[in-house]
Amino acid sequence: MTTTGMTTTGMTTTGMTTTGMTTTGTTTTPAGSRLDPEPVPRRDFLGLAALWSAGAALIFAGLGILRLPKAAVLSSPSKKFRVTLPDSLAAGQAFVPPGRTVALFKDDGGVYAISTICTHLGCIVKSTREGFECPCHGSRFTPEGAVTKGPAPTALPWRKVTHSGGSYVVDEDETVPVGTKVKA
């Protein structure tokens, strides 16, 4: 028997001459071209996959490190702001400027501001006829900010107000003693 470029597995051949054939069991299939790529062994594939994964992880880590110098904090409005009270504001009625966390009041003694941030867990309290009420946990405050019902541990802080022309400047960061009013 003459065999050229042939693999024989599990079969006996006698007196045949074959070229470029692969015999497996009882099936004969043509051999692949020498230009076909070799199949990648499983270990090589897993090794390459691990290398590509490590490379991708390093690239993403590098991109994350490049973002560190730039803070991901949104700018907030100034804590000092100018406000003009409406002429129709009745004595003892709260005026809450849009987007702010203070309530302004006007009475015979002057103008004052009280924070609307609950001293319990930081919820925004709502103004009511009786004062303020926290919608989160039910704390209640007088119109002057004193606690009438817990769980709030302390009164609402008063904020600094200054008179400037026909308007007022409120500083949400500066706390003043209770009862501090600016003449209207």
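Begin by selecting Lys-181 and Asp-107, whose side chains form a salt bridge in which the closest N and O atoms are 2.7 Å apart. Lys-181 lies in the segment after β14 while Asp-107 belongs to strand β7, so the pair ties together parts that are 74 residues apart in sequence. Show the surface around both residues as well: Lys-181 is partly exposed, with a relative accessibility of 34%, and Asp-107 is also partly exposed, at 24%. Keep in mind throughout the tour that this is a predicted model.

**Colour by confidence**

Before going further, colour the protein chain by pLDDT, for which the chain mean is 79, with 79% of the residues reaching 70 or more. Among the elements of the chain, helix α1, residues 42-67, has the highest mean pLDDT, 92, whereas strand β2, residues 7-9, has the lowest, 47. Select residues 6-18 next, where the pLDDT is below 50 and where the model nevertheless places 23 contacts beyond near neighbours in sequence. Where pLDDT is low, the predicted coordinates should not be read in detail.

**The other salt bridges**

How many salt bridges does a search of the whole structure find? The search gives 4, and the pair at the start of this tour, Lys-181 with Asp-107, is one of the salt bridges in the model. Side chains of opposite charge can pair when their charged atoms come close.

Move now to Arg-100 and Glu-172, whose side chains meet in a salt bridge with an N to O distance of 3.3 Å. Arg-100 sits in the loop between β6 (80-83) and β7 (102-107), and Glu-172 sits in strand β14 (residues 167-176), so this pair ties together parts that are 72 residues apart in sequence. Are these two residues buried or exposed? Both Arg-100 and Glu-172 are buried.

Stay with strand β14 and select Glu-174 together with Lys-160, since the side chains of these two residues meet in a salt bridge at 3.9 Å, N to O. Lys-160 lies in strand β13 (residues 158-164) and Glu-174 in strand β14, so the pair ties together parts that are 14 residues apart in sequence. Lys-160 counts as partly exposed at 32% relative accessibility, and Glu-174 counts as partly exposed at 33%.

**The five-stranded sheet**

Switch to a cartoon view and select strands β6, β14, β13, β8 and β7, which in that order make up an open sheet of 5 strands with antiparallel pairing. Its edge strands are β6 and β7, each of which pairs on one side only. Leaving direction out of account, neighbouring strands of the sheet are turned by 30° against each other on average.

At one edge of this sheet, β6 and β14 pair in the antiparallel sense over 4 bridges. To look at this pairing residue by residue, select Phe-81, whose bridge partner in β14 is Val-170.

**Leu-104 and its surroundings**

From Val-170, turn to Leu-104, which lies in strand β7. The C-alpha atoms of Leu-104 and Val-170 are 9.0 Å apart in space, although the two residues are 66 residues apart in sequence. Leu-104 is buried, with a relative accessible area of 0%. Which residues does Leu-104 touch, leaving aside those up to four places away in sequence? Among them are Val-83, Leu-85, Leu-89, Phe-95, Pro-97, Val-111, Tyr-112 and Val-170.

**The cysteines**

For the last stop, display the cysteine side chains, among which a search of the whole structure finds 1 disulfide. A disulfide is a covalent bond between the sulfur atoms of two cysteines. Here the partners are Cys-123 and Cys-136, with sulfur atoms 2.2 Å apart, and the link is left-handed, with -115° about the S-S bond. Cys-123 lies in the loop between β8 (110-115) and β9 (126-128), and Cys-136 in the loop between β10 (131-133) and β11 (140-141), so the disulfide ties together parts that are 13 residues apart in sequence. Cys-123 counts as buried at 14% relative accessibility, whereas Cys-136 is partly exposed at 41%.

Finish by selecting Cys-118 and Cys-134, where the closest cysteine sulfur to that of Cys-118 is the one in Cys-134, 3.9 Å away and too far for a bond. Cys-134 is in no disulfide. Both residues are out of the way of a surface view, for Cys-118 is buried with a relative accessible area of 4%, and Cys-134 is buried with 2%.

How values were computed: Residues are numbered from 1 along each chain as its sequence is written. This is a predicted model: local features need pLDDT of at least 70, side-chain atom pairs count only at pLDDT 80 or more; totals for chains, interfaces and linings use all residues. Side-chain values use heavy atoms; hydrogens and water are left out. pLDDT is the predictor's confidence in each residue, from 0 to 100. Helices (H or I, at least four residues) and strands (E, at least two) are DSSP runs, numbered from the N terminus. Contact means heavy atoms within 4.5 Å. Buried means under 20% relative accessible area, exposed over 50%, partly exposed in between (1.4 Å probe, protein chains only). Two strands pair if DSSP finds at least two bridges between them. Axes are lines fitted to C-alpha atoms, for helices over the stretch in contact, and angles run from 0 to 180 degrees between N-to-C directions. A disulfide is a pair of cysteine sulfur atoms within 2.5 Å.
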